[in-house]
Amino acid sequence: MNDPTRGMPVMKEMNHKSIEELGFPQVVQQIQKFCLSEEGVSFLQAMEFTSEHADLFERQQRIGALLQVLDAPGAPQLSSFPSVQASVEILSIPTQQLEGGMLIELAAYIDAAEDMRRLLYLCTEDGKTFLVLHQLMEEHIHAALIDLGGHIHAVLDESGQVRESHPALSSLRKQVESLKGERARFCGQFITKHRDAMQADQEALRDGRLVLPVRSDRRSFVQGFISSTSSSGNTVFMEPYALVELNNSVVIAQNQILIEIAKILKQLNDEARSVLKLLIRLSEQIGQSDAYYALARWAQQYDCSASDLQVQRCNLVKATHPLLGKKAIPISISLDEQIKAVVISGPNAGGKTVTMKTVGLFALLNQFCGYLPAQEGSSLPLFDAIFTDIGDEQSIEEQLSTFSGHMKQVGYIVRTMTNRSLVILDELGSGTDPVEGSAIARAILEYCLKHAELTLITSHHGVLKQFAYAKQEVINASMEFNEQSHLPTFRVIQGLPGESHALDTARLMKVPKEVVDRAKQYLGSEAVQIGSIIKDLESKRRALEQEEKAMHDRYLSLQQEVKRQQLKELQLKQREHALRDEQNTALFRFMREKRKELENLVSDLKQGELDATKTKQVKTYIKSLETKVEEEQTQLEAQQEALEQFERVDPKQLAVGTEVLCGSARRLGTILKQEGRQRFLVQVGSMRMTLKADQMTLAKKQDEPTVVVMYHSSAPEPKICLDVRGRTLEEALKALDEQIESALVHGMSTFSIIHGYGDGILSKGIGEYLKHHQRVQDYRFALPEDGGMGKTYVML
């Protein structure tokens, strides 16, 4: 019989019984299915639990880094590693040799190792992944191993046979073919010459040698050796003396090929034996790397997240038992640090045991790899041991009843546990007299409170529920029960004891009503009253949950409103910046034109005498400047008016009690009273001030029909400076065309192009393109200090 705990990860403090009861070996088997090598499986089997924070953090970092590279673009697809354990054992014995097939597997192993190395060294931008995974495998596989793999592939084909094209064999194969041809010609000539003695006109092949089919009654006419006869005896197969020599020549030549093949395989074996230590070292690294690769793949498959190692309390967020598959219901449980025990109650088959097993299994997984099939934020303490008593401990061989079996295991637990242990006890105190059972259960729970870090108990005893209410470090928890369907929902409700719902279950199982009613009478009014109280508490809990959900929805709604207001403010600022940029660009163009006009005017004034015409030109120039200044001032005032109008508030909307945003700082305030037609007294924090209507905006706009205009463009963000050096003219013009389109779409009116000096091809070609482009207003070379003729400014 197979040992169910054989080969699974263990730590000295973790006992096999608890590991088995929690289903951890089955989870390890899940993980091992993702392994690509025997070494990875072996490493996982030998991998121990850890209660050291530093060790667990290192494991967690490695798995997290692998999860990053698994999702990274360009990550290589890994193939399975062939088994090389037998090859390593053969190579360690000098008198034994690897066959061609085993050598090919050895080369495939090295190739797969190289793929694994490339995956591990697929660095992220911050380099942290590289540093973490560097510890799993060396940066480079030893060159001798790479050479060995290359030599094997060069010499052997996929089936492990020496390639036909091998230089050492090609001449020998030609020699064999030549001798075979000579032998075939001899046989043809002999059959033709002695046709009357031949049984057939075609030679035959027996054991690699050609023989002639001679009639039995004419065999004396052929001088040679008889190798065999036909089944009828009418034909003898003979080798004439000359054919004997020819056959021997072919066999000798073929044997020479086999000898050469043996030499070639021996050379490969010697080369493999010379790097045996490197091969063993590589297999050790593959074992460790493959084990963490399997853990990462498992974590990816089961939507695991890293546990929070900075928090030392039980907090599982939607934890899903990995062995239950699709029928698993996520469990959430959160315990404060002062909680030392949890008493879980509720109906049978309601999920009490599964909940405790989930916590225990997750504690093992946490100290095995640091990743849990739960949402982010989940955490667990680091225990030095986990003890469980789950299931029926009845034993006929040891003459133990159910209760005795439980007490035997509980006795071992309370004698062995420490103040860092997790204790899980299922149906504590069951299987005996209810009064005595509840008494011993309470005593055990009190003992565990003093000597264990965390204790989880399932029980139907009311004494334990009451005890949990009386102790601050103990809480009740129950499994939710649907009153309409009379079925459990498997949700954990903390702080509330659960009913067993035995009467409801009896009704559901169609027990006669008379029996159920009589049982209700026997139960007594006090028990019924307690049940009513619990149901009332449960009803209030659900109402609070609904209220909490409504408040959360309201909170989300307010968040959206805040985001909308922030977006509106951002749009205003963007519009203001756009207007300023547009104005600055227009002024830049105006100043450039006027600068040229001024230079021409100064040049004219220097030539000849000052006359009326020149004086008029100067006055016209000055007048154009004054006109432009007035236009810009008028336009600026109009733009400012438009921006203010966008948020201007109607004074009729301002009343006592209205919340407003005050001044440029947009501080929230409340109107206390109106002091004039356009003046209001406003309370801002602890201050009161008088503000005009145009200095305030409503804190919350009234609902108004909103027209939203949206556009979408596939054009990317334009560049301030487009660098086309190193490109062909066609490529440069294509990039420039895309840049102009993007600039127009995104409202950019000026940018620069770096084309360099070179042979002037780019400079001239770009100049011609800009000269004829209908959306280009002007272009010019940069100033000498900014690139000179190697750079061009473009104005749209």
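This is a walk through a predicted model, from its confidence to two buried side chains, two unusual backbone angles and a cavity.

Let's start with how far to trust what you're looking at. The protein's mean pLDDT is 79, and 76% of its residues reach 70 or more. Two stretches deserve some caution. Over residues 525-530 pLDDT stays under 50, and the model gives that stretch two contacts beyond four places in sequence. Residues 702-713 also stay under 50, with three contacts beyond four places in sequence. Where pLDDT is low, predicted coordinates aren't something to read in detail. With that said, on to the parts worth zooming in on.

Find helix α4, which spans residues 53-70, and pick out Gln60 within this helix. Is Gln60 buried or exposed? Gln60 counts as buried because its relative accessibility is 8%, and the cut-off for buried is under 20%. As for what surrounds this side chain, leave out residues up to four places away in sequence and Gln60 touches Ala306, Ser307, Leu309, Cys369, Gly370 and Tyr371. One of those neighbours, Gly370, also offers a polar partner: its backbone oxygen sits 2.8 Å from a polar atom of the Gln60 side chain.

Now move along to Ser378, in the loop that runs between β9 (371-372) and β10 (385-389). Being in a loop doesn't put Ser378 on the outside here: Ser378 has a relative accessible area of 1%, so this residue is buried. What does the side chain of Ser378 reach? One partner is the backbone nitrogen of Val317, at 3.1 Å. Another is the backbone oxygen of Gln375, at 2.9 Å. Setting aside neighbours within four places in sequence, Ser378 is in contact with Ala306, Ser307, Asp308, Asn315, Leu316, Val317 and Leu372. Ala306 and Ser307 are names you've already met, as they are among the residues that Gln60 touches. While you're in this area, look at Ser305 too: its C-alpha is 8.1 Å from that of Ser378, although 73 residues separate the two along the chain.

Just before that stretch comes a backbone oddity. Asp303 belongs to the loop between α11 (276-301) and β5 (305-306). Its phi is near 50°, which is a positive value in a residue other than glycine. With a relative accessible area of 62%, Asp303 is exposed.

Glu427 has a positive phi as well, near 55°, and again the residue isn't glycine. You'll find Glu427 in the loop between β11 (421-425) and α14 (434-451). How exposed is Glu427? Its relative accessible area is 23%, so Glu427 is partly exposed.

Glu427 also takes us to the last stop, since this residue is one of those lining a cavity. Rolling a probe the size of a water molecule over the atoms shows where empty space is left. Searching the whole structure turns up two cavities of 30 Å³ or more, and the second largest has a volume of about 40 Å³. Its lining is made of Asp389, His406, Met407, Val410, Asp426, Glu427, Leu428, Gly429 and Ser430. Which element gives the most to that lining? Helix α13 (residues 402-416) does, with three residues. By character, the lining is an even mix, with three nonpolar, three polar and three charged residues.

Note on methods. Residues are numbered from 1 along each chain as its sequence is written. This is a predicted model: local features need pLDDT of at least 70, side-chain atom pairs count only at pLDDT 80 or more; totals for chains, interfaces and linings use all residues. Side-chain values use heavy atoms; hydrogens and water are left out. On a 1 Å grid over the protein atoms alone, a cavity is a set of points where a 1.4 Å probe fits but cannot get out, and a pocket is an open set with protein on both sides within 12 Å along at least five of seven lines; lining residues have an atom within 4 Å of a point. Grid points are joined across faces, edges and corners, and a volume is the space filled by probe spheres set on the points. Helices (H or I, at least four residues) and strands (E, at least two) are DSSP runs, numbered from the N terminus. Ala, Val, Leu, Ile, Met, Phe, Trp, Tyr, Cys and Pro count as nonpolar, Asp, Glu, Lys and Arg as charged, and the others, Gly among them, as polar. Buried means under 20% relative accessible area, exposed over 50%, partly exposed in between (1.4 Å probe, protein chains only). A polar contact is a pair of N or O atoms within 3.5 Å; within protein, one must be able to donate a hydrogen and the other to accept it, and residues adjacent in sequence count only if both atoms are side-chain atoms. Contact means heavy atoms within 4.5 Å. pLDDT is the predictor's confidence in each residue, from 0 to 100.
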